[in-house]
Amino acid sequence: MVEVIKEGAYLLDGQIVPAGQAQGQPLPDEARERTIAYSILRSHNRGTDPKKLRLKFDALISHDITFVGIIQTAKASGLKEFPLPYAMTNCHNSLCAVGGTINEDDHAFGLSAARKYGGIYVPANQAVIHQYARERLAGCGKMILGSDSHTRYGAYGCMGVGEGGGELVKQLLENTYDVAAPEVVLVWLEGRPRRGVGPQDVAIALVAATFPKGDVKNKVLEFAGPGVRELSCDYRIGIDVMTTETSCLTSIWETDETVRRYYENIGRPEDFRELKPRNGAYYDSVVRVDLSRVECMIALPFHPSIAYTVHELQAEPERIFAEAEDACNRQLGGRVKLDLRRNIVDGKVTCEQGVIVGCSGGMYENIVEAAHILDGQSIGNGFFDMSVYPSSTPISLAVTRCGAAEKLMEAGCVMKPAFCGPCFGAGDTPANNALSIRHATRNFANREGSKPGNGQISAVALMDARSIAATARNGGVLTAATDVEYEAPGAEELAYRYDGGVYAKRCYEGFGRAEPEAELRYGPNIKDWPHMPRLEEDLLVKLCAVIHDPVTTTDELIPSGETSSYRSNPIGLSEFALSRRVPEYVGRSKAVRALEETREAGEIPEEIRAVLEKVGGDGRRTTVGSCVFANRPGDGSAREQAASCQKVLGGFANICYEYATKRYRSNCINWGIVPFTLPEGAAFPLEEGDWVYIPGVKRAIAEGVEDIPAKAICAGGSVRELTLRCAGLTADERLILQEGCLMNYYAAGYGKN
């Protein structure tokens, strides 16, 4: 199905030619400029060094877990007016909050900010963040920066990048997004998908082939090949949005008449232009996908890359579930036990919930095809239930007018409004130890809404809407859509007839019409950022969490779901940091923060004095903070709270072997957390409670020193020598770390145009 070719290649006359066989071609650095990716990156670059990009974006987009903090940060840093279109959607915290008025308070804040600064405001349930961007902001050759990791619009010829809020703040203050010039990977599509095989099946196969070994990490995926023309826009974006799970930086597709018709349909024909790689374009590696060989897939807990064909799972459910249980339960750390094998009944895999939702699942064609599979059928009156969330009101209108919603409701499905909740644990939480199959973006631990600390756990497996409908038709017994007979919808039924009238009626379009005199509307849960201390000459950090899991996700660093109610209250939210992975972390970090507060007040605590005496340190010039060690932290969400909560609790450093994503490392830097890594092959023998002293760290960062000597003071009193790496910082990032965070950086007068 999917083949990863790690050698470089040229695209010559529509053929992939390995670099070693391409005679007379320009060197890779020159030929890489012929890719679609570099034509767009260069047009947005404001820097002069070809190896280091300084990008300005065409538009920004955020949702209601992130926009309050972004605006508060930008306001504290001198924001006067939005200099580019900035859309704020309300698709994550749309439910009534147990905490009272806090969700609607944030929504009111967002609308008031759109009026004051000249922004775009999308009310609750009108659209999920990325569908609004697709229908209203994307354009061929454009770039959009979003404070959500699934900011992907490559199928529409628009490069989308998902980052933490600090990077959006920089754009709002007319600074740049700085990134090393990336490698480009050609994703070459061939063949045509079989009936019943959907975009999620292709996406899961792609993630499984590329994520485990980091083959495309921080690279650009460029989709081309004869298979592209066999796919509709909905199908393409269904694959594209899931490229986030490969850990790539962004994506772009060649565009054609299919994309032209899309822009004509949504009333923006001027935003189309043909994009194709120029002859002789160089790619650093190649991923070949034979669409005709892709089967119906399922991704088991707790990652989209843990993939099997549905037929493989049907054939060996005991073995596969046992292996998945073992991995999941080790990740859960023994606090609760996941039992997948309870879902094997008479040798068949049974599921208790189906959900089609969000920016990947809730697309028009997915819903129409699911409706055809369930036409005249019933999901039954047993434990299985099914919900369908169209990703925008225009799509809801379209599936209503074409009869698809009627077919689904007649079969027993529940139609719901545009909402991202089931993707991160704020809606449709399954029963304890139940198995939910979802056409959604992620299936990380706890993203289904369970609370392991309370003894609860359930599981999400990712599937395509078509196989979810086939399983529903079979009463919850796992079924591949290729194994059921149904009348596939014709071209006329699959034609999405966009009606954007509801956007015109309900969305506030204020770009270019700022009202500086307008007041921001605050609710009692909206709090300003607390004081963030600057970095002193030396740094002493205490290890308050040591995690040896292969990968630590953003959801483990700061859980999603019910914690999102505190997203506008930095101190309240920080109480949940690492709560589902290292529950003791918050208390430990607070204790260290108290030591630093005492030191800042002019008194060196005895504990700090005793530690520093062992290494010859001076408490008067040494910042004291907490530290997290993890092998590879930050996979998943772009939520900056994964780093800001550590900072609020007194965090000043992370140590790891590798950061799982650029966006998490960027979040750490923007919140003044020094992003240390260990040299390749170095052991990390330290434990929770040990201290790490880094003398001269401020000067080392200022001067761009990448290998920094440090000393570890172990609990028993012994001292070990360490080398910590802090590589690849830009000049601005070095200043941000010295000042203690991005807000301090702006307050000190840096970065203002």
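## Salt bridges, cysteines and burial

Q: Why is the pair Arg401 and Asp499 called a salt bridge?
A: The closest N and O atoms of Arg401 and Asp499 are 3.2 Å apart, and a salt bridge is defined as a side-chain nitrogen of Lys or Arg within 4 Å of a carboxyl oxygen of Asp or Glu, so the pair qualifies. The pair links distant parts of the chain, 98 residues apart, with Arg401 in helix 14 (residues 393–401) and Asp499 in the loop between helix 17 and helix 18. Here helices (H or I, at least four residues) and strands (E, at least two) are DSSP runs, numbered from the N terminus. This is a predicted model, in which local features need pLDDT of at least 70 and side-chain atom pairs count only at pLDDT 80 or more, while totals for chains, interfaces and linings use all residues. Residues are numbered from 1 along each chain as its sequence is written, and side-chain values use heavy atoms, with hydrogens and water left out.

Q: What makes Arg401 exposed and Asp499 partly exposed?
A: Buried means under 20% relative accessible area, exposed over 50%, and partly exposed in between, with a 1.4 Å probe and protein chains only. Arg401 has 57% relative accessibility and therefore counts as exposed, whereas Asp499, with a relative accessible area of 28%, is partly exposed.

Q: How do you know that Arg195 and Glu485 meet in a salt bridge, and what does the pair tie together?
A: The N to O distance between the side chains of Arg195 and Glu485 is 3.8 Å, which meets the salt-bridge definition. Arg195 lies in the loop between strand 11 and helix 7 and Glu485 in the loop between helix 17 and helix 18, so the pair ties together parts that are 290 residues apart in sequence. Glu485 is exposed at 66%, and Arg195 is partly exposed at 41%.

Q: How many salt bridges does the structure hold, and which residues are linked in a network of them?
A: The structure holds 47 salt bridges, and Asp29, Arg32, Lys51 and Asp284 are linked in a network.

Q: How do you know that Cys158 and Cys248 have no disulfide?
A: A disulfide is a pair of cysteine sulfur atoms within 2.5 Å. The sulfur of Cys158 is 8.3 Å from the closest cysteine sulfur, in Cys140, and is therefore too far for a bond; the sulfur of Cys248 is 14 Å from the closest one, in Cys359, which is also too far. A search of the whole structure finds 0 disulfides. Cys158, at 0% relative accessibility, counts as buried, and Cys248 is buried with a relative accessible area of 2%.

Q: Why is Ser247 called buried, while Glu174 is called partly exposed?
A: Ser247 has a relative accessible area of 3%, so it falls on the buried side of the definition, whereas Glu174, at 44%, is partly exposed. Ser247 sits in the loop between helix 8 (233–240) and strand 13 (250–253), and its phi is near 75°, a positive value in a residue other than glycine. Glu174 lies in the loop between helix 6 and strand 10 (177–180), and although it is not a glycine, it has a positive phi of about 65°.

Q: What makes helix 6 mostly covered?
A: In helix 6 (residues 165–172), 8 of its 8 residues are buried; among them are Leu168, Val169 and Leu172.
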